[in-house]
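Work through the exercises below with the model open. Try each task before reading its solution.

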Amino acid sequence: MELPRGPAATELPPSHYSATRAAALAACYICHRLGSPGHGLAPRTVRRAHRQDIDGVGHKYYLELVLEDITDNDRTVNCTAEVLYHLGNKNIAPDVQFTTEGELQNTDEADNIFYNRIKSLEKELVAENIPDSHGNVSPEMQPIQLLAWVASGFVIWQNSTENTKFQLAQIKHVKQVKRSDEYLEFDYKILLHEMVSQEIIPWQMTVLWHPQHGVQVTQDSRQPKHASE
């Protein structure tokens, strides 16, 4: 990890709350960039962390972390990340840069199987409560959950501050939207768990996906609390 020039960076214990929050945000961003219905990434451990206070700009974190595949905890990837939280402006998403070491799992085959299965449905897919109240996800719904995990990484990145730590808790409802082009489109109603405040936040997001073009969130909005009931 190359440390910054300019103001000195302070080393943080890897378990420090600000380091784990920045690492969780970096993992969400990386998952959105690299994930698919075949695999999602989550933070496993923070190995090293430094924070730099940049006058008039914000706080920048330099991180070495290990991510794990949420479908296979034995499959990990090492990465370095830089996260810049802009000073006092909650309307600007944090800047995130990252590099990964080694090969990520190739899920092209699984992605194409899922894509062709959804494309061949006679009626648009509709589902709710993923996982269910017992924490179970059926095998046919796992790609739908992973797609939400990857897409929620974008929503979390766009809405995070230095004082938040979000994670997807549940898909309340998902409906496939019929399209005439090659993309798959899903309308998700999800619950995000904000771990600092312990708040459960309903969110809506419209997600496009194609195996060759990655995951796109074309629209998202925070929902009123009664939407989660």
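The exercises that follow concern a predicted model.

**Exercise 1. Helix length**

Task: Check whether the end-to-end distance of helix α3 agrees with its number of residues.

Solution:
- Helix α3 covers residues 142-159, which is 18 residues.
- The expected span is 1.5 Å times one less than the number of residues.
- That gives 26 Å for α3.
- The end C-alpha atoms of α3 are 25 Å apart, so the two values agree.

**Exercise 2. Cover of the helix**

Task: Find how many residues of α3 are buried.

Solution:
- A residue is buried when its relative accessible area is under 20%.
- In α3, 14 of the 18 residues are buried.
- The helix is therefore mostly covered, given the under 20% cut-off.

**Exercise 3. Backbone exceptions**

Task: Locate the cis peptide bond, then place Asn129 and Gln198 and classify their exposure.

Solution:
- Start from the background: most residues other than glycine have a negative phi, and most peptide bonds are trans.
- The bond between Ile130 and Pro131 is cis, with omega about -5°.
- Pro131 sits in the loop between β6 (126-130) and α3.
- Asn129 belongs to strand β6. Its phi is positive, near 55°.
- The relative accessible area of Asn129 is 32%, so Asn129 is partly exposed.
- Gln198 also has a positive phi, about 65°. It lies in the loop between β8 (184-194) and β9 (199-210).
- Gln198 has 52% relative accessibility, so it counts as exposed.

**Exercise 4. The sheet that starts with β1**

Task: Give the strand order, the edges and the twist of the sheet that holds β1.

Solution:
- The order is β1-β2-β3-β4-β5, an open sheet with antiparallel pairing.
- β1 (9-12) and β5 (95-101) are the edge strands, each pairing on one side only.
- From one strand to the next, the twist averages 20°.
- Now take one pair. Four bridges link β1 to β2 (residues 41-54), in the antiparallel sense.
- Ala9 faces Gln52 of β2 across this pair.

**Exercise 5. The sheet that starts with β6**

Task: Trace the sheet that holds β6, then find which strands helix α2 touches.

Solution:
- Five strands run in the order β6-β7-β8-β9-β10, in an open sheet with antiparallel pairing.
- β6 and β10 (214-222) have a single partner strand each, so one side of each lacks a neighbour in the sheet.
- The twist averages 25° from one strand to the next.
- β6 and β7 (residues 166-177) are antiparallel and joined by four bridges.
- Val126 stands opposite Lys175 in β7.
- Helix α2 (residues 108-119) packs on this sheet and touches β7, β8 and β9. The direction of α2 makes about 115° with that of β8.

Note on methods
Residues numbered from 1 in each chain as written. Predicted model: local features only at pLDDT ≥ 70, side-chain atom pairs only at ≥ 80, totals over all residues. Heavy atoms only, no water. Helix = DSSP H or I, 4+ residues; strand = E, 2+ residues; numbered from the N terminus. Buried < 20%, exposed > 50% of the residue type's maximum accessible area, 1.4 Å probe, protein only. Pairing = 2+ DSSP bridges. Axes fitted to C-alpha atoms, helices over the stretch in contact; angles between N-to-C directions. Contact = heavy atoms within 4.5 Å.
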